[in-house]
Amino acid sequence: MDKIKLKRPNNKLIIYGVLIFLFYMILQMKYVYDVWFDPDELDIYNVAFEMVKGKVLYKDIPSQHMPFTYFFSAIFYVLGAHEAYLQRIYYYILFSGFWTGFVFRHRKYVNKWILVLHPLVYLTLMQMQDFSTQILSENLTIIGVEIFAFEFLRFLNKRDIDLKGCLLMCAGVLFTFGSSFISIFALFFMGLGVLLTEIKWRVESKQPAKEWWQMMIKRYGRLFAIGAAPWIIYLIYALATGSFSKFYLEAYLINRLYYPKYNGGIGGGTAGTFLMPLTSFASEILSIRLTKIGATSLMRWIILFSGCAYFPYKMAKKHGVIAGVTFFMFTLSCGLRGYFNYHGKVFEALIALFATYTWIEYAYGGKESFEKAHILRKAFLATTVLIVFVNYIYNLNNIFTFLVNTEYNHYQSDTDIIQKLTDEDEAIWQTNMCNALPWASKRVTVGASVNCPWMWEGMGDDDFELIQKEAPRVVIFQLGYESWDNKMSEYAPEAYTYIIENYKYLPTAGQIWVRKDYYDEACRKIGVDPATAKNDGGLSVTPYEVEEDEKPH
């Protein structure tokens, strides 16, 4: 009987992999104690916490976001990530693992230095925007679009899609559309580019139609079957938990019918949204102000030109116009919610990847090529390296803060109060975007649909009806509350009126109100005499301008 020969592990490659992984981890640890991004980042962690506590996403927890970021966070919570900084570290491990995997998956046809260095360029660019260093669904989307970018490069070179590619693209769909609804537009342009490329190759090779169709069904049948598997599993889960109808309402209908009214139409009129990458990018370019040129903006525009213009041009020269246009539209459609802000992280990651590719493959091009290069090419590369370096070392001392720093809760006082006023498994009513309080106090929430107008418009009536049946003792609320410049008293007047009539502001708190029949007991629990305590109804602590009809009477 033949002996089975086991392939020896390549110790050298393992060491390289570990070193590259640690390199990525250290780069990201610079941001581990950055301030919480309350509305979006803590929404991920808090929803995940509530899922671990037994609540069902969409059915029990309102959310307009796609589910898979929450699932990852819930897994991390089960593994011990009960603080924001630990959640971030688990995500850093996930991202570092994929970036390291890209090096070993694609190093045979992409220069290894492109694969190793592109996260450094991205992180340098990303850290210059407010709230960009926090974990958002966009971070998972970044991994997803990079999977598709690399696999498309491999597809152009190999003219085939292997099993590993199918599995990776299955993950890519989960990380893109499974985490961010609007990613569907980027996937559309990538899918269209692949289809047109296949047609182009068929025309060039004069392959018989029957043979071509057989090849397409075999190749993409397997891809779609693998890609559909996780969604079939989720569909079964949603049906089994009775959450499918709510998932359809919150993650799809609200994003299609209600949210576009408040975000400039993105995701609403489908045809218009497919043209939006071009129109919004043109607006971004026209908004450039030369008077604001500095080290950061100069780096930004060098990366923008290298990754968003020159790279697609070179791809068009090498692989044809379809490939170039596909990369261009794929990149632009990742910036529908902004290009250089925290929602633009996906766009920034792609142009950083493509810019790194451009600099190493074309500006450097190898030792011999660079030695013979024109002085302007050498000057461009030297200037680019210097500018990236200057920007990266901004706040470089923070790279080791994880060794000595601690997480800071800006709402510690209210957190302590909530924990004193409520039992461990008691729900609180969250009416604003302050996810920090339920997350830090480890309390589940109800009625969160009232905190923004599009969620209230889509599902507020049903949510409010449940609240009235069993009103929580504690509510997170502020007089005159506004959500994206929309007053709660106007978009949800019944909920606003219900609160000021049935709840009372708790003295010494920031944004905590309690049910009136619980007020005296609540005051005593926090050491306040309810008979003598000064109580202005929360007027002194609200950051909003309060109209007369918004005040308690």
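Which residues lie nearest the centre of the largest cavity? I took this up as the opening entry, keeping in mind that the model is predicted.

**Entry: the largest cavity**

I looked up the lining of the largest cavity and found 14 residues, of which Gln28, Phe95, Tyr122, Leu123 and Asn139 lie nearest its centre. I then noted which elements give two or more residues to this lining, and these are helix H4 (84–106), helix H5 (112–126) and helix H6. The space in the largest cavity comes to about 110 Å³, and by class its lining holds ten nonpolar and four polar residues, with no charged residue among them.

**Entry: the second largest cavity**

I counted two cavities of 30 Å³ or more, and I recorded about 30 Å³ of space for the second largest cavity. Its lining is made by Glu50, Lys55, Asp60, Ile61 and Pro62, together with Thr445, Val446, Gly447 and Ala448. Sorted by class, these lining residues give four nonpolar, two polar and three charged.

**Entry: the second largest pocket**

I turned next to the open space and wrote down about 630 Å³ for the second largest pocket. Of the 25 residues that line this pocket, Phe148, Met169, Gly191, Leu223 and Phe224 lie nearest its centre. At least two lining residues come from each of helix H6 (137–158), helix H7 (163–175), helix H8 (184–205) and helix H9 (209–241). I also sorted the lining of the second largest pocket by class, which gave 18 nonpolar, two polar and five charged residues. Helix H6 thus appears twice in my notes, as it supplies residues to the lining of the largest cavity and to that of the second largest pocket.

**Entry: a surface patch**

On the surface I looked up a nonpolar patch of about 560 Å², made by Ile14, Ile15, Tyr16, Val18, Leu19 and Leu22. I placed Ile15, one of these residues, in helix H1, which covers residues 11–29.

**Entry: confidence**

Lastly I checked the predictor's confidence, and the protein averages a pLDDT of 90, with 94% of the residues scoring at least 70. Among the elements, helix H11 (residues 270–286) has the lowest mean pLDDT, 67, whereas strand E3 (residues 474–476) has the highest, 97.

Methods: Residues numbered from 1 in each chain as written. Predicted model: local features only at pLDDT ≥ 70, side-chain atom pairs only at ≥ 80, totals over all residues. Heavy atoms only, no water. Patch = residues over 30% accessible without salt bridge, like charges linked within 9 Å, V, L, I, M, F, W, Y side chains within 5 Å. Areas by Shrake-Rupley, 256 points an atom, 1.4 Å probe, with all protein chains shown as cover. Salt bridge = Lys/Arg side-chain N within 4 Å of Asp/Glu carboxyl O. Helix = DSSP H or I, 4+ residues; strand = E, 2+ residues; numbered from the N terminus. 1 Å grid on protein atoms, 1.4 Å probe; cavity = no way out; pocket = protein on both sides within 12 Å on 5 of 7 lines; lining within 4 Å. Points joined across faces, edges and corners; volume = space filled by probe spheres on them. Nonpolar A, V, L, I, M, F, W, Y, C, P; charged D, E, K, R; others polar. pLDDT = per-residue confidence, 0-100.
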